[in-house]
Amino acid sequence: MEILEEVVSAENVLVLNEQPEFIENFNEKINARYFVICENNNNDSLPKNVFECSVCGLTLAEWVVRACPSEPVVLRANEGEDVLRLIKPYISGIEYSVVLYASTPFVRKGHLLDLLGFVSRKHLSACKLKKGYVFKNDYISRVDRLFSIDTYDFASDDFFEVKDIRDLEYAQLILKRRVLDFHNKNQVILDGRNLTIDASVEIGYHTEIGGGSAIISKTKIGADSKIGANAVICGSKLGDDVVVENGAVIEDSVIKDGAFIGAGAVIKKSVIGERSNVESATVVSCSGLKQNVFVGTGATLIGARVAENVQIKAAAKVVMANEMVAVLANAVVGEGAMVCDTIVSENAIVKPFAKFTKNYEEKK
């Protein structure tokens with residue numbers, strides 16, 4: 001994009017060598033609107049437009065949007081398009097405009113507030129940044145073009161611009177470190193070895209995350225939980241005091257307070273109730289388990305509805321092929337047994353290695 005230049009009088013230009021007063025606890029209310037400009041580009045080293053590239057679970061544009069103190073106006077533009085023409089339709093009734101670019105994912109909310117407070121207190125009409133602008137709107141409403149050569153390098157690191165694949169790799173390193181530092185400050189215990197945690201993830205106090213784990217896609221984990229090494233948790237909600245052992249995979253599921261998920265277990269699109277115990281190497285898919293359910297090692301549950309206090313022993317299978325399959329309260333499904341397309345009644349016992357189906361039911 002061509003560098004836009006500002007037409008401003010000498011007293012309204014933020015000169016290169018002037019140092020700002022960083023405003024701590026700046027409480028004065030400033031009427032400002034934030035803009036995030038997404039420039040289309042044709043960089044052959046990237047698979048898509050820069051602002052669409054994903055880092056730590058967010059696109060670069062989303063990183064900039066979340067740094068804005070209020071919800072911004074997001075505008076798509078061609079490279080070199082006039083910034084004044086873009087923002088003027090949105091500035092009516094607003095005192096200041098802060099123009100950011102979606103290729104600068106390091107920008108921080110605190111620094112933007114410092115910058116806006118500084119411009120306000122200095123009564124500046126225009127402040128040009130390394131990448132971006134702050135304008136007083138009654139000034140830019142009167143001009144059609146900007147002319148100036150002075151740029152102020154305010155919070156220079158925040159305005160680092162991603163232009164190519166190497167810049168994107170650098171952004172990945174810095175933003176990953178910011179995410180981990182954020183959770184450390186919130187008393188989350190992180191192993192730190194090859195962790196992947198998306199920026200959209202929420203983790204409660206004193207929860208432990210083991211090395212090599214990936215916690216992604218808006219996952220929420222409660223307090224005092226423990227996630228073992230190399231676990232993968234995606235798009236799920238975990239309660240307090242949950243234990244997930246090494247190598248377990250949880251996708252699009254809800255794990256309620258006090259539940260236990262064993263090593264190598266796979267939980268997909270399911271609900272695991274309070275204090276339920278799912279042992280290692282189990283598969284639970286599209287199923288719902290109430291509280292205090294025990295599922296033994298190597299068991300398989302597909303499309304199952306399991307009531308409270310049920311025991312499903314090792315290597316048993318409770319699967320829905322064509323019709324509903326359910327195990328009612330206090331029932332026991334023995335080791336290696338098969339339950340398919342039927343309902344196991346309350347307090348019933350399915351013997352080990354028995355076949356319990358719609359056409360044949362093993363009685364208590």
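In which sense do β6 and strand β7 pair, and over how many bridges? Hi everyone, let's start there, and please keep in mind that this is a predicted model. The two strands pair in the antiparallel sense, over 4 bridges. Together β6 and β7 form a hairpin, with 2 residues between them. If you want a spot to click on, Leu129 has Gly132 in β7 as its bridge partner.

Now look at β6 itself, residues 126-129. Ala126 and Lys128 lie on one side, Cys127 and Leu129 on the other, and all of them are buried, so both faces of the strand are covered. Yes, that list includes a lysine, Lys128.

Let's move across β7, residues 132-136, to its other partner here. β7 also pairs with β5, again in the antiparallel sense and over 4 bridges. In that pairing Tyr96 stands opposite Lys136 of β7. On β5 we also find β1, residues 32-40, which runs parallel to β5 and is joined to it by 6 bridges. Tyr96 turns up here too, as the bridge partner of Ala32.

Why is β5 largely enclosed by the rest of the structure? Because 6 of its 6 residues, 96-101, are buried. Tyr96, Val98 and Leu100 point one way, while Ser97, Val99 and Tyr101 point the other way.

On to the other sheet I'd like to show you. This one is open and has 10 strands, paired in parallel, in the order β9-β12-β15-β18-β21-β24-β27-β30-β33-β36. β9 and β36 stand at the edges with a single partner strand each, so one side of each has no neighbour in the sheet. Within the sheet, 3 bridges join β30, residues 317-319, to β33, residues 338-340. Val319 stands opposite Cys340 there.

Finally, the cores. The largest nonpolar core has 64 residues, and Ile261 and Leu301 touch the most other members. α1, α5, β28 and β31 each supply at least two residues of this core, and α5 gives the largest share, with 5 residues. Take Leu301: beyond its neighbours within four places in sequence, its contacts include Val283, Val295, Val306, Ile312 and Val318, along with Ser285 and Ser287. There is also a second, separate core of 27 residues, with Cys38, Cys68, Leu100 and Val119 among them. You have met Leu100 already, as one of the buried residues of β5. Thanks for listening!

Methods: Residues numbered from 1 in each chain as written. Predicted model: local features only at pLDDT ≥ 70, side-chain atom pairs only at ≥ 80, totals over all residues. Heavy atoms only, no water. Buried < 20%, exposed > 50% of the residue type's maximum accessible area, 1.4 Å probe, protein only. Pairing = 2+ DSSP bridges. Core = buried A, V, L, I, M, F, W, Y, C linked by side-chain atoms within 4.5 Å. Contact = heavy atoms within 4.5 Å.
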